[in-house]
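Here is a short report on one protein chain. Look over the sequence and the structure first, then read on.

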Amino acid sequence: MAASHHLDPGLLLLLLACWRTPAMVGGTVPAAPVNVSVTQLRAHSAMVTWNIPQGDTVIGYSISQQRQDGLMQRSIREVNTSSRWCVLWDLDEDTHYSVQVQSVGLHGDSQPSRPVHFRTLERTDHYPAGVLDHHEPAMEGLGMTPHLQTGELLIITTVLLLWAAVIALFCRQYDIIKDNDSNSTKEKAKRPLVQASSSYYNTSAGSSPIYHNGAVRS
């Protein structure tokens, strides 16, 4: 008689637990970034901004930058940051590029965002903020620029106020010293005139002519 084999239900559950994917245990990867935009175009730099879908846990980003002629490709990866912008440096002027952004999550990276194409400016071009390639459908920018933190702004403002107070105090002291010097010079200029006038009158009084027996004597 052939022996019948029965699979233990506990062993079956253990096997299913071992084969579960990260998505089944709640370790989902974030969705791809949205509203990717290229702004602040220059001859050798540009700024990339994007948004993260609400509810995703993101610990960083990864950017893929490539020239459209295929001569250069670069990857930028940052973790432990909540930034939603990145500046691309060392670009070639008047060159077409494409860029894609990925969100870095606790359990992996998201899918790449939709490619965004842009062209850097020439040195002689003006630098308007937020210029996209005319061949790419326009995407609204987020109006995000790197802002200084509140503490840095407070420190800068305090230093400027202190410098202004020092300059104002110096100007006030300088005016006081200047006025004192002017008054001293005027007083010194008046004193010799007063003494000369007094000696003149004294001399005149001492040398008054004396009339004696019709003769004049000094």
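## Salt bridges

The structure holds 5 salt bridges. The model is predicted. Three of the salt bridges are set out here.

| Acidic residue | Basic residue | N to O distance |
|---|---|---|
| Asp-69 | Arg-67 | 2.4 Å |
| Glu-93 | Arg-123 | 3.7 Å |
| Asp-94 | Arg-119 | 2.9 Å |

Take Glu-93 and Arg-123 to begin with. Their side chains meet in a salt bridge. This pair links distant parts of the chain, 30 residues apart. Glu-93 sits in the loop between β5 and β6 (96-105). Arg-123 sits in the loop between β8 (116-119) and α2. How accessible is Glu-93? Glu-93 has a relative accessible area of 31%, so it counts as partly exposed. Arg-123 reaches 58% and is therefore exposed, the cut-off being over 50%.

Next come Asp-94 and Arg-119, whose side chains also form a salt bridge. Here too the pair links distant parts of the chain, with the two positions 25 residues apart. Asp-94 belongs to the loop between β5 and β6. Arg-119 belongs to strand β8. Asp-94 is partly exposed at 37% relative accessibility. Arg-119 is partly exposed as well, with a relative accessible area of 28%.

Some salt bridges share partners. They join Arg-67, Asp-69 and Asp-92 into one network. Within it, the side chains of Arg-67 and Asp-69 meet at 2.4 Å, N to O. Is Arg-67 buried or exposed? Arg-67 has a relative accessible area of 15%, so it is buried, the limit being under 20%. Asp-69, at 45%, counts as partly exposed.

## The open sheet

In which order do the strands of the 3-stranded open sheet run? The order is β1-β2-β5, and the pairing is antiparallel. β1 (34-39) and β5 (85-88) stand at the edges. Each of these two has a single partner strand, so one side of each is left without a neighbour in the sheet. From one strand to the next, the twist averages 15°.

β1 pairs with strand β2 (residues 46-51) in the antiparallel sense, over 4 bridges. One bridge can be named: Val-38 has Val-48, in β2, as its bridge partner.

Past β2, the chain enters a loop that leads to β3 (60-67), and Gln-54 is found in this loop. Gln-54 has a relative accessible area of 83%, so it is exposed. The C-alpha atoms of Gln-54 and Pro-30 are separated by 10.0 Å. Along the chain, these two residues are 24 residues apart.

## The annotated helical segment

An unreviewed UniProt entry annotates residues 153-171 as "transmembrane region". What does the model show over residues 153-171? The chain there is 100% helix and 0% strand. The end C-alpha atoms of this stretch are 27 Å apart.

Trp-163 lies in helix α2 (residues 150-206). Trp-163 is exposed, because its relative accessible area of 56% is over 50%. Which residues make the nonpolar surface patch of about 430 Å²? Trp-163 makes it together with Ile-155, Val-159 and Ile-167.

Notes. Residues are numbered from 1 along each chain as its sequence is written. This is a predicted model: local features need pLDDT of at least 70, side-chain atom pairs count only at pLDDT 80 or more; totals for chains, interfaces and linings use all residues. Side-chain values use heavy atoms; hydrogens and water are left out. UniProt positions are given in the numbering used here, feature names are shortened, and annotations may be inferred rather than shown by experiment. Patches are made of residues with over 30% relative accessible area and no salt bridge: like charges are joined within 9 Å, nonpolar side chains (Val, Leu, Ile, Met, Phe, Trp, Tyr) within 5 Å. Accessible areas come from the Shrake-Rupley method with a 1.4 Å probe; for residues, only the protein chains shown count as cover. A salt bridge is a side-chain nitrogen of Lys or Arg within 4 Å of a carboxyl oxygen of Asp or Glu. Buried means under 20% relative accessible area, exposed over 50%, partly exposed in between (1.4 Å probe, protein chains only). Two strands pair if DSSP finds at least two bridges between them. Axes are lines fitted to C-alpha atoms, for helices over the stretch in contact, and angles run from 0 to 180 degrees between N-to-C directions.
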